[in-house]
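Q: Please give a close account of one part of this structure. Describe how it is built, what its residues look like to the surroundings, and which contacts help to place it within the chain.

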Amino acid sequence: MRVIFATCSAAEADALASRLVEERLVGCVNVLPGVRSIYHWAGEVCRDEEVVLLMETTDALADAARERLRALHSYEVPKIIVIAPERCDDAYASWLDEVTGPAA
């Protein structure tokens with residue numbers, strides 16, 4: 001199992017999440033609103049309201065999901081971090097295997 005952590009604008013969150021689930025690249029996306037991001041961009045300190053996307057996928061699909069998210073994302077340099085959890089509940093991992101990848 002892999003968890004993909006990303007940020008995006010609230011306006012594009014549902015579209016990104018839906019597309020990745022529909023394409024079976026991720027099993028679930030949690031959209032966490034109300035994130036205030038402060039960062040350097042183009043020589044300035046910027047402040048923006050964003051949302052966090054937490055997505056679960058399989059080890060085998062992590063790279064494809066990351067690449068697809070990058071292709072769909074509106075940011076020039078999106079934050080996309082793939083995390084390998086130490087443990088995952090067996091039942092959840094089985095469900096994730098069922099809902100990702102080629103449709104049965």
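A: The account below centres on the hairpin of β2 and β3 and then turns to its surroundings.

The model is predicted, so local features require pLDDT of at least 70 and side-chain atom pairs pLDDT 80 or more, whereas totals for chains, interfaces and linings use all residues. Residues are numbered from 1 along each chain as its sequence is written, and side-chain values use heavy atoms, without hydrogens or water.

Strand β2 covers residues 28-41, and strand β3 covers residues 44-57 (strands are DSSP runs of E, at least two residues, and helices are runs of H or I, at least four, numbered from the N terminus). The two strands run antiparallel and are joined by 12 bridges (strands pair if DSSP finds at least two bridges between them). One of the matched positions is valine 29, whose bridge partner in β3 is methionine 55. Strand β3 also pairs with β1, residues 2-8, in the antiparallel sense over 7 bridges. Within that second pairing, alanine 6 has leucine 53 of β3 as its bridge partner. Strand β3 therefore has β1 and β2 as pairing partners.

Between β2 and β3 there are 2 residues. Alanine 42, in the loop between β2 and β3, has a positive phi of about 55° although it is not a glycine. Most residues other than glycine have a negative phi. Alanine 42 counts as exposed because its relative accessibility is 70% (buried means under 20% relative accessible area, exposed over 50%, partly exposed in between, with a 1.4 Å probe and protein chains only). Tyrosine 39, by contrast, lies in strand β2 itself and counts as partly exposed because its relative accessibility is 31%.

A further positive phi, about 60°, belongs to arginine 24, which is likewise not a glycine. Arginine 24 sits in the loop between α1, residues 10-22, and β2. With a relative accessible area of 22%, arginine 24 is partly exposed.

What charged contact ties β2 to β3? Side chains of opposite charge can pair when their charged atoms come close. Arginine 36 and glutamate 49 form a salt bridge, with their closest N and O atoms 3.4 Å apart (a salt bridge places a side-chain nitrogen of Lys or Arg within 4 Å of a carboxyl oxygen of Asp or Glu). Because arginine 36 belongs to β2 and glutamate 49 to β3, this pair ties together parts that are 13 residues apart in sequence. Both arginine 36 and glutamate 49 are exposed.

The structure holds 7 salt bridges. Another of them joins arginine 2 to aspartate 59, with the closest N and O atoms 2.9 Å apart. This pair links distant parts of the chain, since arginine 2 is in strand β1 and aspartate 59 is in the loop between β3 and α2, 57 residues apart. Arginine 2 is partly exposed at a relative accessible area of 25%, and aspartate 59 is partly exposed at 46%.

Beyond that loop, helix α2 spans residues 62-72. Here glutamate 67 and arginine 70 meet in a salt bridge, 2.9 Å from N to O. Because they are 3 residues apart in helix α2, about one helical turn separates glutamate 67 from arginine 70. Glutamate 67 is partly exposed, with a relative accessible area of 37%, and arginine 70 is partly exposed, with 40%. Both residues belong to a network of salt bridges that also links Asp63 and Arg66.
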